[in-house]
Structure formats: structure tokens, C-alpha cells
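Here are some exercises to work through with the sequence and the 3D view open side by side. Try each task yourself before you read its solution.

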Amino acid sequence: MVQNMTVSFLGTGSGAPTADRFFSSTILHLAERHLLVDAGEPCVHLLKDRGDVLQETSTILITHGHVDHIGGLPALLQGCKLSGRSALLEVYLPEEMIAPLRAWISALYLPEEGLGFPVNWIGWKNGVQSDLGDEITVTAHRNGHLDSCYRQRPGADSSRPCDSYSLEVESGDCRVIFSGDLASPQELSPFLDRPIQLLITELAHFTLGELADALQNASVETLCLVHLADEYAGERSEVKMQMEELLPKINDVILPEDGEVLDF
Ligand SMILES: [Zn+2]
């Protein structure tokens, strides 16, 4: 069965703050559910701006623990509390982030017992499919983004797990891939064995040509490019044109704006 879905791009910026784009967060509206993928700032304001979506968001899927993907989570919890939420909130995230994140929330005078709603913290298990209910599943596939971004840096804790994930959300024939941040576009290859309705990928840690090479034989209906490197952020129509030329089999190449809503 082909599902209708809508994607609301709340923040499409990269990790470098700019005046005109927010950090990473996207809502996938599917089977009457709202799934928030990444919780970069200021996601609570942007969810609140969409009426009941803040309260009705059942599930948050965090790709990795960089601040531009997770930094808006405490304010989101506070926003839910102040809006009188009582429904369970499920948060899927790298296992290693759960304890420090809960400690941070507690340090912000937001004890979980006082939120007024339960939070279920669920650590990703690499390659294992989770059932989100309403015939929606999500599978997290570990990638090397944090290994490449963190481990080689001065001061890095070599014993610390560096788990970052790409996410595969499926419902019926609908298959959506969120790249999260990657070490290389080759890390998308495990997803390319079957048709993808929507691929939302970053373009900050590799070149446009490398991405096009990785997707050369892919069956992708719509390709959305987000989280653009500075060198591409100012050349958006040029990037779109080049990708369309390099990947003629892809129906649609879109570089969404913050706030843009796409129906599929
Ligand atoms: Zn990152």
C-alpha cells in the first residue's frame, strides 16, 4: 500500500550557526503520526508554531549527539511540560547519550518525575528494526561520522563510544532514509538495494560529486539535500542543477528551505 506522507523541514542548516537557517530537525508526518527526526534548536518553538504538533509528537529519533542535532531537546521537554502534555514520549537515540542527557535535563531543574508525562529513552541497536506502532518501523544503521569528526581531535576521549546513525523509516511501500551526518556518502550504500521514496541527506562532509557517485545506481524518487557545507549553501540553484545533471534517474532534487512542507 502506498502511504501518503508529509515532511516538514524545521531546520536545514549545518553545524555552523547562520542568521538564516536553524539546526537540524525535521517532522515526518506518516500514518497520522508525527515523528521528529533530530532536535536541533529551536525545534520547540517551531513545533509550537504548528499548533498541536508539539503535543502530538509521539516519537523523537536522534541520529547522533552533536549539539546541532540534539541541543533543542531539553527545551522541547520543558515546552511539553508547560503545555500540559500527559502522553508518553519515546526518544530513540545513541545509547551512550542517555545517561548524560538525563543528567543535563536534571541539572536544568527539569526532573523527569515532574514533567507530567513519561519519557521512554531507547538506545539504538545497530541494524535492528524497531516497531513504532501504526505499522511504522525504524532501523538505525551505524555510520562513521563521529569516528571521523571526534576521535582524531585533540582532547578526544578514546574510550568513549562514538555512535552516530543513519535512519530508515518504513511504512507499507513508503521508505524514507535520513542520512544524519556521515563520514562518507558510501555509507548510504546499504540502503540502496531497494527503491527509496525519499532520501534526505546531508551535504556538509563530502562533495557533491562524491554524493552523486555514491547514488549513481540508486533508485530514489526524491532526493532532498540539507545541512549544506558553506561552499554549497550560497549556490543552491547551481547545486540543484548539477545534481539533476549528474543523477538523471532521480525524479526530483529538492533543496528545502527552513519551514518548507512537502507532500508525497
Ligand atoms: Zn554531526
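The exercises below concern a predicted model, and each task is followed by its worked solution.

**Exercise 1: The chain as a whole**

Task: Find how many helices and strands the protein chain has, and work out how its radius of gyration relates to the globule rule.

Solution:
- Begin with the secondary structure: the protein chain holds nine helices and 14 strands.
- Next, take the radius of gyration, which is 18 Å; the globule rule gives 18 Å for 264 residues, so the chain is as compact as a globular protein of that length.
- Then look at the extent: the C-alpha trace spans about 55 × 50 × 40 Å along its principal axes.
- For burial, 54% of the 264 residues count as buried.
- Contacts add to this picture: among those between residues at least 6 apart in sequence, 63% join residues at least 24 apart.
- Finally, the accessible surface comes to about 11700 Å², and carbon and sulfur atoms account for 50% of that.

**Exercise 2: The zinc site**

Task: Identify which residues coordinate the zinc ion, and decide what to call the arrangement of the four donor atoms.

Solution:
- List the donors: H64 through NE2, H66 through ND1, H145 through NE2 and D181 through OD, at 2.2 to 2.4 Å.
- Write down their spacing in sequence, which is H-x1-H-x78-H-x35-D.
- Place two of them on the chain: H64 sits in the loop between β4 (57-61) and α3 (67-70), while H145 belongs to helix α6 (residues 145-151). This pair is 81 residues apart and links distant parts of the chain.
- Check the angles. Four donors count as tetrahedral if all angles lie between 85 and 135 degrees. Here the donor atoms subtend angles of 90 to 164 degrees, which makes the arrangement irregular.
- As a reference point, the ideal angle for four tetrahedral donors is 109.5 degrees.
- Are H64 and H145 buried or exposed? H64 counts as buried because its relative accessibility is 0%, and H145 is buried with a relative accessible area of 0%.

**Exercise 3: Two helices and what follows them**

Task: For helices α4 and α5, list the buried residues and say which residue with positive phi follows each helix.

Solution:
- In α4 (residues 73-82), the buried residues are L73, P74, L76, L77, G79 and C80.
- After α4 comes G84, with a positive phi near 80 degrees.
- In α5 (residues 95-107), the buried residues are E96, M97, I98, L101 and I105.
- To see where these fit, follow their packing: the buried residues of α5 lie against α3, α4, β5 (89-93) and β6 (119-123).
- After α5 comes Y109, whose positive phi is near 60 degrees.

**Exercise 4: Two buried positions**

Task: Locate G13 and S25, and find which residues each one touches, leaving out those up to four places away in sequence.

Solution:
- Start with G13, in the loop between β1 (5-11) and β2 (25-30). G13 is buried, with a relative accessible area of 7%.
- The contacts of G13 are R21, F22, S24, H227 and D258.
- For a distance check, the C-alpha atoms of G13 and I200 are separated by 13 Å, with these positions 187 residues apart along the chain.
- Move on to S25, which is found in strand β2. S25 has a relative accessible area of 1% and is buried.
- The contacts of S25 are F9, L10, G11, L36, V37, D38, A39, G40 and C43.

Key: Residues are numbered from 1 along each chain as its sequence is written. This is a predicted model: local features need pLDDT of at least 70, side-chain atom pairs count only at pLDDT 80 or more; totals for chains, interfaces and linings use all residues. Side-chain values use heavy atoms; hydrogens and water are left out. Donors are N, O and S atoms within 2.8 Å of the metal (3.2 Å for Na, K and Ca); water is not among the atoms, so sites may look incomplete. Four donors count as tetrahedral if all angles lie between 85 and 135 degrees; four count as square planar and six as octahedral if opposite donors are over 155 degrees apart and all others between 65 and 115; anything else is irregular. Helices (H or I, at least four residues) and strands (E, at least two) are DSSP runs, numbered from the N terminus. Buried means under 20% relative accessible area, exposed over 50%, partly exposed in between (1.4 Å probe, protein chains only). Contact means heavy atoms within 4.5 Å. The radius of gyration is taken over C-alpha atoms; the globule rule is 2.2 Å times the number of residues to the power 0.38. Accessible areas come from the Shrake-Rupley method with a 1.4 Å probe; for residues, only the protein chains shown count as cover.
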